[in-house]
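Q: Please take a close look at a single part of this structure, the metal sites, and then relate that part to its wider setting. A connected account, with the criteria stated as they arise, would be most useful.

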Amino acid sequence: MPTTHAMAGLIARLHDPQYARWASQIRRTGGCRQPIHLRGKVEHIDRATGELLHRYSTHLEPNGVLRVACKTRRASRCPSCAETYRADTYQLVRAGLVGGKGVPETVTAHPCLFVTLTAPSFGVVHTRAEKNGKILPCHARRNAETCPHGVVMSCTARHGANESCLGEPLCPDCYDYAGSVLFNATAPELWRRFTEALRRRFARTSGLTLKELREQLAISFAKVAEYQRRGVVHFHAVIRLDGPDGPTSPPPAWATADALADAVRHAASAVTVTIPAVAGEPSRILRWGGQLDVREITMSGELTEQAVAAYIAKYATKAAECVGTLDRRIQLLDNLSALPVREHARRLIAECLRLGSLDELADLRLIQWAHMLGFRGHFSTKSRRYSTTLGALRAARADHMRDEQITTGRLPLFEEDTVLVIGHWEYAGQGLSAGDALLAAALTGTPLPTAHPRMEDSDG
Ligand SMILES: [Zn+2]
Ligand SMILES: [Zn+2]
Ligand SMILES: [Zn+2]
């Protein structure tokens, strides 16, 4: 039920003489839950004469601000902007598989794999696995050991899909929390070394130098990070073989899907990142987990391009909050025990704060990325030649918006190159009041937000 405060705000907005203009701003944000408020002006000046042709200022807008969509990729913050991001990511991944958006259709003939690189084990956790439609016992051991903390290392339960214990350790005191957050922190570097090892493997098997290889073969990829319930990231990646000029050129005949699969398996097991011993922590060699999934993407087989693009796009809008942590930065002054997170996440966050305070590990910026459980990489990335870019997709949409503004009379139509456009913008806040949020949901047909604390301004 809306509060009386929210209802009062809603009624005040409806009676605002500028309501129609406010509603039009809100509709244009497409149901953004936390629109950004901009204050400023745009001037169109004739390049030849210096004459001011048109001026737009937020001065006369409702509350003196223009509200624009926040464009977050995170569904937990803004479902409608995240949906736009998801749809764009889908288009981007799909173009790299079947062509379109400037990628030729001949790209479908290039060998292409869907690869999942996982994290190693940091201790036994409650799991749920199915086999032939039956749920398997979690971690059944006949002669299970008892750990030094008195926990029997066995769980015979067949857990439900949403049980909160999933991903949590059987014994938290035995769990390697340091290893888990250090893996997250080094995963982007492991990925970088993996892609280098792929190239080296191809060079060795084809008898070419790395330079000669580059003249024949390019390896393109699009990848997304996904948090497992236990709080570690793994990567799903589309890896494609192209000729030297990218998707427009065919790869050499010897560069087959089988050769790529061999190189992926080799590279995944070969690369490591070493963390030196610090302050009571042993030195560690971090590597990918043993569970490596390599599947060929085909147009009609078991794993189609469409399924892969949808899968990657789905994970692009999720972050660590899916494992029960926060979707905002943690301040050092935050009271850890008061944070609304699962105990497992709390211990991972505490470990980030502890290790992050060690000078030797400062480069990993674990304090800054504690809310991401140590992972500071990008959620979805792609190599330059994989396909189009999110920027290009956004620019196409912005053009459309501009056309709409011109036709609805907001901007006069000028010749692009004869007019100088000068904009002055400043950030004037973000979000909607409780009453505005009710109205915005009704106007844009989006679900009402559930009550949640104001989010900080940070991104992962
Ligand atoms: Zn938004
Ligand atoms: Zn269990
Ligand atoms: Zn224990």
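A: The account below treats the metal sites in turn and then turns to the wider setting.

The model is predicted: local features need pLDDT of at least 70 and side-chain atom pairs count only at pLDDT 80 or more, whereas totals for chains, interfaces and linings use all residues. Residues are numbered from 1 along each chain as its sequence is written, chains are lettered from A and ligands numbered from 1 in the order in which they are written, and side-chain values use heavy atoms, with hydrogens and water left out.

The zinc ion (ligand 3) is held by C147 (SG), H149 (ND1), C171 (SG) and C174 (SG), at 2.0 to 2.3 Å. Donors are N, O and S atoms within 2.8 Å of the metal (3.2 Å for Na, K and Ca); water is not among the atoms, so sites may look incomplete. Because the four donor atoms around the zinc ion (ligand 3) subtend angles of 103 to 117°, the arrangement is tetrahedral. That term requires four donors with all angles between 85 and 135 degrees; four count as square planar and six as octahedral if opposite donors are over 155 degrees apart and all others between 65 and 115, and anything else is irregular. Along the chain, the donors of the zinc ion (ligand 3) have the spacing C-x1-H-x21-C-x2-C. Two of these donor residues can be set side by side: C147 counts as buried at 10% relative accessibility, whereas H149 is partly exposed, with a relative accessible area of 41%. Buried means under 20% relative accessible area, exposed over 50%, and partly exposed in between (1.4 Å probe, protein chains only).

The zinc ion (ligand 2) has as its protein donors H126 (ND1), C138 (SG), C155 (SG) and H159 (NE2), lying 2.0 to 2.4 Å from it. The site of the zinc ion (ligand 2) is tetrahedral, with angles of 104 to 115° among its four donor atoms. In sequence its donor residues are spaced H-x11-C-x16-C-x3-H. H126 lies in the loop between β4 (112-117) and β5 (130-131) and H159 in the loop between β6 and α4, so the pair ties together parts that are 33 residues apart in sequence. Helices (H or I, at least four residues) and strands (E, at least two) are DSSP runs, numbered from the N terminus. Both H126 and H159 are buried.

A further histidine, H139, belongs to the loop between β6 (134-135) and α4 (177-206). At 15% relative accessibility, H139 counts as buried. Leaving aside residues up to four places away in sequence, H139 touches V124, M153, S154, C155 and L170; contact means heavy atoms within 4.5 Å. One of these partners, C155, is a donor of the zinc ion (ligand 2).

The zinc ion (ligand 1) is coordinated by C32 (SG), C70 (SG), C78 (SG) and C81 (SG), lying 2.2 to 2.3 Å from it. Here the four donor atoms subtend angles of 104 to 114°, which makes the arrangement tetrahedral. The donors of the zinc ion (ligand 1) follow the spacing C-x37-C-x7-C-x2-C. C70 is buried, with a relative accessible area of 14%, and C78 counts as buried at 0% relative accessibility.

For the wider setting, the protein chain has 10 helices and 13 strands. Of its 460 residues, 47% are buried. Among contacts with a separation of 6 or more, 71% are between residues 24 or more positions apart.

One helix pair in this setting is α2 (residues 19-28) and α10 (residues 434-444), whose axes come within 10 Å and cross at roughly 65°. At this interface Y19, W22, A23, I26 and R27 in α2 meet D436, L439, A440, L443 and T444 in α10. The buried residues of α10 include D436, L439 and A440, and what covers the buried residues of α10 includes α1 (4-15) and α2. After α10 comes G445, whose phi is positive, near 65°.

The last region is the loop between β2 (52-57) and β3 (66-68), where N63 lies. N63 is exposed, with a relative accessible area of 53%. Apart from residues up to four places away in sequence, N63 touches R13 and Q18. The C-alpha atoms of N63 and Q18 are separated by 9.1 Å, although the two residues are 45 residues apart along the chain.

Note on methods:
Axes fitted to C-alpha atoms, helices over the stretch in contact; angles between N-to-C directions.
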